[in-house]
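Here is an informal walk through one structure, for someone meeting it for the first time. Keep the view open and find each residue as it comes up.

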Amino acid sequence: MNIPMLDLKAEYALLKDEIEPAVCEALAACQYIGGPNVKAFEAEAAAYAGVKHAISCASGTDALLIALRAIGLGPGDEVITTPFTFVATASTIVMCGARPVFVDIDPRTFSLDLNQVEAAITPATRAILPVHIFGQPVQLAPLKALCAKHGLKLIEDAAQSFGADYAGRKSGAYGDIGCTSFYPSKNLSAFGDGGLMITDDDKLAAEMRVLASHGSRVRYHHHVLGYNSRLDEIQAVILRVKLKRLDHFNERRIAIANSYNEQLAGLVETPYADGHGRHVYHQYTILSDRRDVIQKVLSDSGIACAVYYPVPLHRQEMFAASHGDVKLPVTERTAQRCLSLPISPMLKDEQIRRIAGAIRQALA
């Protein structure tokens, strides 16, 4: 039997008796846009994250774009970020007319190398945008201190880390704004797209609500150029059901990662948890010089695996003109050696043993 990266069918079977009646109730209410479940989910998500405001939107990409617009990012500005992430982290900076400045990553955590960030700050820098890659929280305290020192905003890309903790706060709640995604593969996932912005800043929260609603504060009066970016009522129903189980699912991800660590010790470089926060393993990503051999054996054995990310952002064609001469050796080496294994909360212990056995066979 094949092993998928993420077993959404098993998760649906577990939750369907709660999800389906709630969805049918929402359908019968016929309040599809901005309905009671959207409002309730925003309140529940804010309470979970320990923040004053949670503003839903249509996707994680929109969350980043709206957050960057809310801080006033525009042409001539720069944002320091990581090249080892999904393209939306940097493309949204460009959509604002600004320029992403890529800093190399730490070889163990895959996050921004904090020792290189300050040297990248220029008079044009407006914000630092770290990514809690694969579910490992970035060390936010030194970044926040750096932002305070230079008068910068700290925007957290928490799309892969919802439910993670850092210094007693939830992922996304430490900086000025936290952005997350509810894409179906995420730790907290919808049955489609969706996104969220969280903040304790009243002014930023109000600005993000305006931007997400056609730039309007009063109906049919449009103050700024905004977006039609809404979480729909049905996705909010599903997210409310899943939010109640998020901590349980994340604990299962941690248990799976610990089991992998034990069974893969000495075979590959297993993920590093730096101890400054709770890693929630959106992905379980190993490093190996024989990555391609492992990938082929797993594939031939009916076991899914994936390379996140094969082409770093500074090497993407869309950034060739502006970043063609940038060299980030740790990022480039990591992209050549990384491989993510199945990490679904539904993954069974015997499946973990089978995956580890296939890797052992590949390296024999």
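## Charges over rings

The charged end of Arg108 sits over the ring of Tyr272, 4.1 Å from the ring centre. "Over" has a set meaning here: NZ of Lys or CZ of Arg must be within 6 Å of the ring centre and within 35 degrees of the ring normal. Lys144 does likewise with Tyr174, lying over its face at 4.9 Å from the ring centre.

A word on the ground rules. This is a predicted model, where local features need pLDDT of at least 70 and side-chain atom pairs count only at pLDDT 80 or more, while totals for chains, interfaces and linings use all residues. Residues are numbered from 1 along each chain as its sequence is written, and side-chain values use heavy atoms, with hydrogens and water left out.

## Rings that meet

Rings of Phe, Tyr and Trp (its six-membered ring) pair if their centres lie within 6.5 Å; planes under 30 degrees apart are stacked, over 60 edge-to-face, and the rest tilted. That rule gives 14 aromatic pairs. Take Phe84 and Phe134: their ring centres are 5.9 Å apart and the planes meet at 85 degrees, so this pair is edge-to-face. The two come from distant parts of the chain, 50 residues apart. Phe84 belongs to the loop between strand E2 (78-81) and helix H4 (88-95), and Phe134 to the loop between strand E4 (125-129) and helix H6 (140-150). (Helices, H or I with at least four residues, and strands, E with at least two, are DSSP runs numbered from the N terminus.)

Are these two rings buried or exposed? Phe84 is buried, at a relative accessible area of 0%, and Phe134 is buried too, at 3%. The cut-offs are under 20% relative accessible area for buried and over 50% for exposed, with partly exposed in between (1.4 Å probe, protein chains only).

Ring pairs also tie Phe84, Phe110, Phe134, Tyr308 and Tyr309 into a cluster. Two members of that cluster share something else: the peptide bond from Tyr308 to Tyr309 is cis, with omega near 15 degrees. Tyr309 is in the loop between H10 and helix H11 (320-323).

## Thr285 and its company

Thr285 lies in strand E13 (residues 284-287) and counts as buried at 2% relative accessibility. What does it touch, leaving aside neighbours within four places in sequence? Contact means heavy atoms within 4.5 Å, and the residues in contact with Thr285 are Phe110, Phe134, Glu269, Pro271, Cys338, Leu339 and Ser340. With Ser340, the side chains make a polar contact at 2.7 Å. (That term covers a pair of N or O atoms within 3.5 Å; within protein, one must be able to donate a hydrogen and the other to accept it, and residues adjacent in sequence count only if both atoms are side-chain atoms.)

## Two helices with two sides

Helix H9 (residues 246-264) has 19 residues, which should span 27 Å at 1.5 Å a residue, and its end C-alpha atoms are indeed 27 Å apart. The expected span is 1.5 Å times one less than the number of residues. Buried residues of H9 include Leu246, Phe249, Arg253 and Tyr260. Seen down the axis, the buried residues of H9 fall within an arc of 160 degrees, so they line one face. The arc is taken from the directions from the helix axis to the C-beta atoms. Turned away from that side are the exposed His248 and Glu262.

In helix H10 (residues 291-300), the buried residues are Arg291, Ile294, Val297 and Leu298. They cover an arc of only 135 degrees, which puts them on the same side of H10. Their cover includes helix H12 (329-337), strand E14 (338-341) and helix H13 (349-362). On the other side, Asp292, Lys296, Ser299 and Asp300 are exposed.

## Positive phi

Some residues to look up, each with a positive phi:

| Residue | Phi | Place |
|---|---|---|
| Gly266 | about 85 degrees | just after H9 |
| Gly302 | about 75 degrees | just after H10 |
| Ala167 | near 50 degrees | loop between strand E6 (165-166) and strand E7 (169-170) |
| Tyr281 | about 50 degrees | loop between E12 and E13 |

Ala167 and Tyr281 are not glycines. Ala167 is exposed at 55% relative accessibility, whereas Tyr281 is buried at 5%.
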